[in-house]
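Me: I have a structure open and would like to go through some parts of it with you. Could you keep the answers plain, since I am new to this?

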Amino acid sequence: MAPKSSAAGKERSTIEEEEVLQAVILADSFNKRFSPLTLQKPRCLLPICNAPLLDWTFESLALAGVQEIFVICRSHAELVKAAIKNSKWSKPSAGLKIVPIVTAKETFSPGDAMRDIYTHSIITSDFVLVTGDLVSSVRIDEVVRVHKERRKTNKDAIMTMVVKESGMRHRTRSRGESAVFVIDPETSECLHYEAVMGYPPKNYTKIPREILNEHPEVEIRNDLIDCSIDVCSVEVPSLFQDNFDYGDLRRDFVHGVLTSDLLMKNIYCYIAKDGYAARVKDTKSYDAISKDILSRWTFPLVPDDNHPGGHSYEHIRGNKYIAKDGTVALSRTCKIGNNTLIGSQCLISDNAQISASILGQRCTIGAGSVIRNSYLFDGVVVGPNCTIEFSILAAGVQVKEGSRIEKGCLLADGVVIGPQARLQPFERLSRRHLGTEHNEEDEGEEDDEDEDDEDEDEDVDEEGDGDVEESEDDNESEMDSDYGEIEANQDPDALKRLGPDNNAIIWPQPSIDEDEEIDEVEHPTNLRLMRLGDDASDLYLSDVGSETSESDLDDDDHFDDSDPSSSVTSLPLANTSNLVQQADEAAITEFQHEVKLSLDRAFAEGHSVDNASVELKTLRMAHNVPLRRVREAVVTAIVNRIKIVESGGPAQRQEIAVVVSRWGDLIDKIGGVDATETIEVLQECCASSERLPLFGQILAALYQEDVVEEEDIRAWHKRPQSRGDEQKSATLQNNFQKCWNAGAFMIKQFDEQESDEESDEESDEEDTLAKQTRIKEKAAPASSTTTTHRESSENSSEESDDGAEESEEDEVESDELSENESA
């Protein structure tokens with residue numbers, strides 16, 4: 001019985017160990033979106049609402065009942081370890097066990113960090129995976145429970161991703177980075193995942209046909225915010241170890257697992273209905289999440305209650321938060337607007353205005369200065385009559401009198417500008433000689449490094465000590481090289497704008513070389529969608545490199561929306577045939593888009609018709625579409641290229657003739673000649689656009705250029721569908737009828753022309769006969785001519801004698817009349 005009791009004790013011990021909920025925090029961001037604010041500290045230690053982001057993450061995990069946390073860090077690892085040690089979460093009363101793990105210097109992506117986790121063998125059961133910039137009040141423990149229940153029946157369920165529904169214009173929804181989720185509505189299984197970049201825009205998604213065939217009902221969703229909270233099984237790190245091409249958690253790992261025919265693993269989505277969750281991925285999301293906290297969307301994590309930094313604030317109407325310790329000095333004439341937080345020991349002078357902004361501790365705002373939608377860290381000093389809008393000022397920044405900071409500016413620790421400084425929008429500043437000062441600070445920190453860690457923690461840290469020094473040295477050398485190059489290439493005229501007392505250098509705007517390979521998410525244009533204060537109004541996001549009006553879009557092309565971040569929420573379909581049909585329509589839409597780009601390029605660059613036709617043939621073969629689709633695209637492009645002349649008349653006909661004579665031959669060089677189909681396509685195009693009145697003139701121009709013949713027009717006119725009776729819309733029926741009438745008028749002209757030609761032929765025949773008669777008369781013998789002349793002379797003499805006799809009779813009658821009158 002004793003051995004049996006011992007086994008039972010071991011089983012109970014195993015169950016207790018399994019009940020310990022572990023979490024892994026990836027403290028590194030692996031990008032430079034907050035640079036130069038992150039030169040001296042990692043992003044996870046930047047404050048949001050006056051508490052480090054890492055503390056917000058700890059608070060979120062503590063609410064979920066997590067008991068053991070591993071913090072994976074590479075950049076500024078010593079600062080992260082010191083922050084953890086000084087945090088309230090390291091106290092025994094916190095109920096959390098936090099273990100910092102320093103990764104190797106070769107860790108450049110989340111995938112590398114996951115491989116380091118596998119190497120350290122720290123994961124013993126299902127665990128929660130989050131980033132160090134998370135703000136969440138979602139009940140993660142409920143997600144863990146659902147995941148474990150699912151694992152009991154499906155051992156291949158390796159991950160559950162937490163997502164939240166959002167509106168298209170929700171401020172925490174990233175315009176630069178979103179995703180399309182294809183989900184089984186019954187099981188919540190994620191069947192397909194595709195990342196969507198903001199620029200260049202992507203207006204469609206490709207779904208494997210196998211998914212549509214195997215699942216009778218799916219939801220295709222672009223309205224979900226990825227909370228960057230994952231519940232993972234213990235084998236997830238090993239999958240990263242086995243696949244070294246997995247770098248990004250979503251675009252590589254999730255997409256790779258779902259498209260792999262070998263792994264046969266399942267990933268699920270948990271759509272959180274309650275709570276708040278968002279990640280500070282860029283300066284725009286930093287602004288959005290800060291305002292969400294001030295607006296109390298993150299309750300119970302709000303400044304006046306459960307503040308992660310341990311501060312105490314008084315909540316005033318209008319979501320104004322003032323430190324409760326009584327150290328804040330507000331002038332009677334200053335104005336504090338809504339959605340504002342002011343830390344302790346702050347001084348606000350006369351007539352200063354603060355609205356929709358956050359001030360850290362010990363900040364000073366001079367008289368008459370205006371702070372709007374900006375974030376000032378601890379110890380910032382703003383002189384009198386300054387203006388700061390939509391910017392972030394790091395700790396210790398000084399802005400001297402009369403300076404103006406435009407939207408989107410980032411000022412790193414200790415920067416001094418002014419007086420009368422003028423910063424242009426989206427400029428980034430840091431201190432001169434920052435690298436040397438940073439090295440001295442790091443050396444001091446290394447001398448004071450604490451060695452009183454717990455035994456288990458000490459073992460883990462000792463494994464990474466060598467990596468810590470190498471990693472820090474690597475960070476410093478990399479930063480020094482970048483910094484030295486930037487400082488050496490400063491523009492003296494630009495530095496003059498920063499004021500005579502400045503100690504700053506200006507960082508260049510992000511750019512890439514043509515030969516440089518860069519992550520598409522980190523493309524400078526795409527990053528514009530993720531930076532504070534940039535509405536990207538000059539970027540055209542509804543199409544790739546082209547301009548498309550709403551009237552040019554088909555009603556059924558739901559993928560072709562003007563905003564790439566628009567949502568298509570829950571698209572359940574009755575059967576797979578409809579899904580296959582939609583997939584085919586999406587492919588045709590893509591082809592039409594490519595053809596439009598090709599034709600626009602041909603028009604703009606003046607390509608020859610032969611070269612343009614070759615490119616169109618290539619596109620048709622690549623997309624395997626019917627020839628009619630190519631004809632539709634070409635005819636539509638030619639028609640749309642014709643400008644509408646308000647005066648009409650000869651000027652309009654001349655405009656049509658110029659375009660048709662230049663590009664009309666392209667219609668018959670795309671791979672086949674079908675003039676009747678060309679007229680049908682022309683009718684469809686004109687009937688559904690503002691160029692309806694031009695149908696007859698365009699058709700006449702095509703006839704003049706021999707693109708269509710009279711027989712083709714008559715054949716089209718005889719077809720029943722040319723009348724538009726099959727059109728569902730009354731407007732289209734009317735427009736089709738107008739086009740048909742224009743064709744009838746042309747046919748009438750043809751008929752009249754033929755009748756005129758026949759009458760002309762008859763008159764020509766009569767003229768010919770008369771000419772022939774005269775020729776015969778001229779060719780008659782001379783005798784007959786003499787006889788004729790004699791007869792004619794005799795006749796004339798007889799006529800003259802008769803005339804003489806008649807004249808004599810007249811004279812007699814006249815004499816008799818005169819005698820009678822005299823009598």
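Reply: We can talk through a sheet, some helices and a few loop residues, keeping in mind that this is a predicted model.

Me: Okay, sheet first: what is the strand order in the open sheet of six strands?
Reply: The order is β18-β21-β24-β27-β30-β33, and the pairing is parallel. β18 (335-336) and β33 (422-423) stand at the edges with a single partner strand each, so one side of each has no neighbour in the sheet.

Me: And how many bridges join β18 and β21?
Reply: There are two bridges between β18 and β21 (residues 353-355), which run in the parallel sense, and I336 stands opposite I354 of β21. In general, strands of a sheet pair through backbone hydrogen bonds, either parallel or antiparallel.

Me: Switching to helices, is α18 largely enclosed or left open by the rest of the structure?
Reply: Twelve of the 13 residues of α18 are buried, so this helix is largely enclosed by the rest of the structure. The buried residues include A675, E677, L682 and C686. Helix α18 covers residues 675-687 and reaches 18 Å from its first C-alpha to its last, close to the 18 Å expected at 1.5 Å a residue.

Me: What about α17 and α19, at what angle do their axes cross?
Reply: The axes of α17 (residues 649-663) and α19 (residues 695-704) cross at roughly 45 degrees and come within 10 Å, and that angle makes α17 oblique to α19. The contact is made by Q652, R653, I656 and V660 of α17, together with Q697, I698, A701 and L702 of α19.

Me: Now a loop residue: is K281 buried or exposed?
Reply: K281 has 17% relative accessibility, so this lysine counts as buried, the cut-off being under 20%. K281 sits in the loop between β14 (277-279) and α9 (283-294), and, leaving aside neighbours within four places in sequence, is in contact with R33, F34, R43, S174 and E177.

Me: Which peptide bond leading into P300 is cis?
Reply: The bond from F299 to P300 is cis, with omega near 15 degrees, and P300 lies in the loop between α9 and β15 (313-316). The bond from S35 to P36 is also cis, with omega near 10 degrees. Most peptide bonds are trans, and most residues other than glycine have a negative phi.

Me: So what is the phi of R296?
Reply: The phi of R296 is near 70 degrees, which is positive although the residue is not glycine. R296 is found in the loop between α9 and β15, and counts as partly exposed at 24% relative accessibility.

Terms used
Residues are numbered from 1 along each chain as its sequence is written. This is a predicted model: local features need pLDDT of at least 70, side-chain atom pairs count only at pLDDT 80 or more; totals for chains, interfaces and linings use all residues. Side-chain values use heavy atoms; hydrogens and water are left out. Two strands pair if DSSP finds at least two bridges between them. Helices (H or I, at least four residues) and strands (E, at least two) are DSSP runs, numbered from the N terminus. The expected span of a helix is 1.5 Å times one less than its number of residues. Buried means under 20% relative accessible area, exposed over 50%, partly exposed in between (1.4 Å probe, protein chains only). Axes are lines fitted to C-alpha atoms, for helices over the stretch in contact, and angles run from 0 to 180 degrees between N-to-C directions. Angles under 35 degrees count as roughly parallel, over 145 as roughly antiparallel, 65 to 115 as roughly perpendicular and the rest as oblique. Contact means heavy atoms within 4.5 Å.
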